[in-house]
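Please work through the exercises below with the sequence and the coordinates open beside you. Each task is followed by a solution that proceeds step by step.

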Amino acid sequence: MEIHEVNPPEKNLPMMQVNAHLPDQLVMRVGIPHKSGTLAAHAFNQDYPVMVSANAFWSKQQQAFRFPEATDLSETDFAMDSAGFVAMKMWKAHGRQQGLGGIFPWTYAQYIEFATGSGATWWSQPDCCVEPEIAQSEEEIDFRIRATATFLEGVLRILYEWQNELAKTASERVVANMLPPPVPVIQGWSVQHYERSLELMEQVWSRWQPWLAPPALIGIGSVCRRTLKHPTHGLYAILDRIKAQMPTGSRLHLFGVKGEALSELGDQHWIASADSMAYDFGARLKAHHAGVSNSMQHRCSEMDRWMSAALQRIEGKASNHSSMLLAA
């Protein structure tokens, strides 16, 4: 990774900036595949925290991000995913893209401007997923892990320069609010991959301290549909290993975690949040098997059913943990 000198900080450049402000309890975010519409309205009405992909806002025709003038997402607690899996599938299917790293259709500047201005509770860096349908060899996985760290360096470099320029005419508070830092993401398939990715992420992030505080939130990617108990690439084995090596005070967001895992993770304070779109996949399967339309009403009902079960798992585990503490 090539490193260049950066401009010295302006007087009003904020220091020790936090990349996410987190509640104590685990937050379960429901994935919304659209930038507006019935599913977003239903999530708002039910007061569900939301995860939305940047890809939902990208206009291929205009080659630009477009946030709707009116969308219920604006009234929800929503986080912004960089659409790494979608971008990788497009790259695999259609070859080199026009934007970031030849993988994303948008540039660094387009994504950072959109993500920081979207009103998201937090936003994630661009990353390269390594699911088996994307990466079939150790060489490919290693490339994507290193590319994810390089993307983080690129994002932080641009964000620093933008903040530095804004600090010439704006207060520290305005600078921090307008251009908040991203949530870094670690990638891998096996335990060793994630260890390597975390090491690279920490190397990048530490270069930007004390401008940035240690990351309050770190995303862990490529866990969607992942087995839970495999000794080398199961979610539990990965989390057990990563926990001991995480920066002090950092917590994790799990992208696309299985609902079953929440029964084990609900009382783990270092797991801050998770998201899932499993309800929508389940809605399609149930509608197909029943020979009925996968209507918006059906999809909303499945969202409620899935979120209710997920919250019961989280709260049940947390309640059991509290009971044990009281008994002790």
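The exercises deal with aromatic contacts and then with pockets, in a model that is predicted.

**Exercise 1.** Classify the geometry of the aromatic pair that Phe 67 and Phe 114 form, and state which parts of the chain the pair links.

*Solution.* Begin with the distance: the ring centres of Phe 67 and Phe 114 lie 6.3 Å apart, and the cut-off for a pair is 6.5 Å. Next take the angle between the planes, which is 45°; because planes under 30 degrees apart count as stacked and those over 60 as edge-to-face, this pair is tilted. Finally, place the two residues along the chain: Phe 67 belongs to the loop between strand 4 (64-65) and strand 5 (78-81), whereas Phe 114 belongs to helix 3 (residues 108-117), so that the pair, with its partners 47 residues apart, links distant parts of the chain.

**Exercise 2.** Decide whether Phe 67 and Phe 114 are each buried, partly exposed or exposed.

*Solution.* Phe 114 has a relative accessibility of 9% and therefore counts as buried, since the limit for that class is under 20%. Phe 67, with a relative accessible area of 27%, is partly exposed.

**Exercise 3.** Set this pair in its wider aromatic surroundings, and find a charged group that sits over the ring of Trp 189.

*Solution.* The structure holds 18 aromatic pairs. Phe 67 and Phe 114 both belong to one aromatic cluster, whose other members include Phe 57, Trp 58, Tyr 111 and Trp 123. As for Trp 189, the charged end of Arg 226 sits over its ring, 4.1 Å from the centre.

**Exercise 4.** Describe the largest pocket by its volume, its lining and the elements that contribute to that lining.

*Solution.* The volume is about 1100 Å³. Of the 38 lining residues, Cys 224, Arg 225, Gly 256, Asp 275 and Met 277 lie nearest the centre. Among the elements that each supply at least two residues are strand 1 (27-32), helix 2 (84-94) and strand 9 (271-276), while the largest share, four residues, comes from helix 9. By class, the lining divides into 17 nonpolar, eleven polar and ten charged residues.

**Exercise 5.** Carry out the corresponding description for the second largest pocket.

*Solution.* This pocket holds about 450 Å³ of space, and its lining consists of 30 residues, with Asp 24, Gln 25, Leu 26, Val 27 and Ala 272 nearest its centre. Strand 1, strand 9 and helix 10 are the elements that give two or more residues to the lining, and helix 10 provides the largest share, seven residues. Sorted by class, the lining of the second largest pocket has 14 nonpolar, nine polar and seven charged residues.

Terms used: Residues numbered from 1 in each chain as written. Predicted model: local features only at pLDDT ≥ 70, side-chain atom pairs only at ≥ 80, totals over all residues. Heavy atoms only, no water. Phe/Tyr/Trp six-rings, centres within 6.5 Å; stacked < 30°, edge-to-face > 60°. Buried < 20%, exposed > 50% of the residue type's maximum accessible area, 1.4 Å probe, protein only. Lys NZ or Arg CZ within 6 Å of the ring centre and 35° of its normal. 1 Å grid on protein atoms, 1.4 Å probe; cavity = no way out; pocket = protein on both sides within 12 Å on 5 of 7 lines; lining within 4 Å. Points joined across faces, edges and corners; volume = space filled by probe spheres on them. Nonpolar A, V, L, I, M, F, W, Y, C, P; charged D, E, K, R; others polar.
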